[in-house]
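User: Please take a close look at the enclosed and open spaces within this protein and tell me what lines them. I would also like to know what the surrounding backbone and the cysteines look like, with the reasoning spelled out.

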Amino acid sequence: MDFAGPIDALTGTPAARFGLYVHFPYCVSKCPYCDFAVAVVREVPEERYARAVLTELDARLAADPSLRERTLESIFLGGGTPSLWHPRWVAHVLEGVAARLRVAPGAEVSLEANPSLADAGRFAGYRAAGVNRLSLGVQSFQAETLQALGREHSGAQAVAAFETARRAGFDVVSMDFIYGVHGQTRAQVEADARQAVALEPEHLSTYALTVEREVLAVATPLSRQLDQGVLALPSDEAVVEMAQTVRDVYAGGGLHRYEISNHARPGFSSRHNALYWTGGEYLALGVGATGMWLTSSAGAPPEGSRYVNPRGSGAYLRAVEEGRPVEASREALGPEELFAERLSMGLRLRSGVDWEAVCTRYGQSPEPRRAEVERLVRHGLARLEGARLVLTDAGADVHSAICARLL
């Protein structure tokens, strides 16, 4: 399926330029590593939440009617656990969006799902509702790793969920995995990677477990255990070896590494996620959702703003239903902030980024950075492919440190 998404000139990556993110915050339980805006409830207010999301959209369109003239090239329903949302309400939201905004023919429409049997029973309904890309939160097939991560499904259920997605008509299925988990071995990581490849998915996202409080939005049970000294994680060297194992197995299975943590078969990279990595704009609706768009004037570097909705589901619903503004915060983004994001996110892509063009676009001089670029190339951490600076595998392992030096 060839999803809509033009090629970003600075990275050569297919990416939506304007997308919509809808956050569904509800879960049956909260994983101990999760720092997302999540609400654990006995009964999900499915209809109420669907109507609130569209009410928020109406309010945003009233405040900025020009958004109606934009064309959505991607829609992503994330969470939380969006597969707890009945397909009828997912259809209600997608139909409501299409009635209010232009949606490109062939737009990528993704939904995150848990591999539990109850959630998998809804897959056909999501496909009928207009979802054309399913993302399964597998995390691991290994019982020990799933237990450590607080996941409630089994490896067998994850396989069954993938097969159910195929029978439901999903030609594009992605799976998420985590490595670097306490108690996890390199052999287990390799077994996960081989089993994932054997299912022949179109896309795999694989992330190192993040536990450190300073990089999380909020404290988590695992971050508190780490602070207390009762959580033992694999060494940095072991995590790097796990990452290399994942890359080798995926490459052997025909999945190309197009971003530091993402692999895909040719033509199946995530257009919506690439929007974030290539400086695209995105409208966001729902609890804890973050949106961003740009403003620019002729001859001036781009500027923009980013807003964040409240993380509490009760506060969000009350604000929407009472007609009050729902944003918890909004920040102005000047050329320097946008430059930092554009360069650092572009360097996550394995196609690299035209670093001098990024400097020029955002009013930054390339000259103070030229010696650092030459040093990165000389030490094998990056290479120049035409105008693009591309991190090598060794460079990608220290992406944050490289960005700090370039910025």
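Analyst: In what follows, a strand is a DSSP run of E with at least two residues, a helix is a run of H or I with at least four, and both are numbered from the N terminus. In that sense R330 belongs to strand β14, which covers residues 329-333. The model is a predicted one, and everything below should be read with that in mind.

I begin with the enclosed space. Rolling a probe the size of a water molecule over the atoms shows where empty space is left. The count of cavities of 30 Å³ or more comes to one, and the volume of this largest cavity is about 40 Å³. Its lining is made up of F177, I178, Y179, Q184, V189, D192, A193, T206, V246 and Y250. Two or more of the lining residues come from each of β7 (173-179), α7 (186-198) and α9 (236-252). By chemical class, seven residues of this lining are nonpolar, two are polar and one is charged.

D192 deserves a closer look among these lining residues. D192 sits in helix α7, and because its relative accessible area is 4%, below the 20% cut-off, it counts as buried. Its C-alpha atom is 31 Å from that of R383, a residue 191 positions away in sequence. Beyond α7, in the loop that leads to β8 (203-208), lies E200. With a relative accessible area of 53%, E200 is exposed, whereas D192 is buried.

The open space to consider next is the second largest pocket, whose volume is about 370 Å³. It is lined by 22 residues, and those closest to its centre are H256, R257, Y258, R350 and S351. The elements giving two or more residues to this lining are α9, β9 (256-259) and β10 (262-264), and α9 contributes the most, with four residues. Helix α9 therefore takes part in both linings, since it also gives two or more residues to that of the largest cavity. The pocket lining divides into seven nonpolar, eight polar and seven charged residues. Where does the second largest pocket lie with respect to domain 1 and domain 2? Because domain 1 (18-277) and domain 2 (336-406) both give residues to its lining, the pocket lies between them.

A database record offers some context for the N-terminal part of the chain. An unreviewed UniProt entry places the feature "domain: Radical SAM core" at residues 12-255. Over residues 12-255 the model is 41% helix and 21% strand, with the end C-alpha atoms 18 Å apart.

The backbone has a few points to check by eye. Most residues other than glycine have a negative phi, and most peptide bonds are trans. E200 has a positive phi of about 60° although it is not a glycine, and Q139 likewise has a positive phi, of about 70°, without being a glycine. Q139 is in strand β6, residues 133-139, and is buried at 9% relative accessible area, while E200 is exposed. The peptide bond between G79 and G80 is cis, with an omega of about 20°, and G80 belongs to the loop between β4 (71-79) and α2 (87-100).

To return to R330, this residue is partly exposed, its relative accessible area being 43%. The C-alpha atoms of R330 and Y307 are separated by 4.1 Å, although the two residues are 23 apart along the chain.

Finally, the cysteines. A disulfide is a covalent bond between the sulfur atoms of two cysteines. The count here comes to zero disulfides. For C27 the closest cysteine sulfur is that of C34, 6.5 Å away, and since the cut-off for a pair is 2.5 Å, this is too far for a bond. C359 is in no disulfide either, the nearest cysteine sulfur being that of C403, 12 Å away. C27, at 9% relative accessibility, counts as buried, and C359 is buried as well, with a relative accessible area of 0%.

Methods:
Residues numbered from 1 in each chain as written. Predicted model: local features only at pLDDT ≥ 70, side-chain atom pairs only at ≥ 80, totals over all residues. Heavy atoms only, no water. 1 Å grid on protein atoms, 1.4 Å probe; cavity = no way out; pocket = protein on both sides within 12 Å on 5 of 7 lines; lining within 4 Å. Points joined across faces, edges and corners; volume = space filled by probe spheres on them. Nonpolar A, V, L, I, M, F, W, Y, C, P; charged D, E, K, R; others polar. Domains from an automatic or database assignment. UniProt positions renumbered as here; feature names shortened; annotations may be inferred. Buried < 20%, exposed > 50% of the residue type's maximum accessible area, 1.4 Å probe, protein only.
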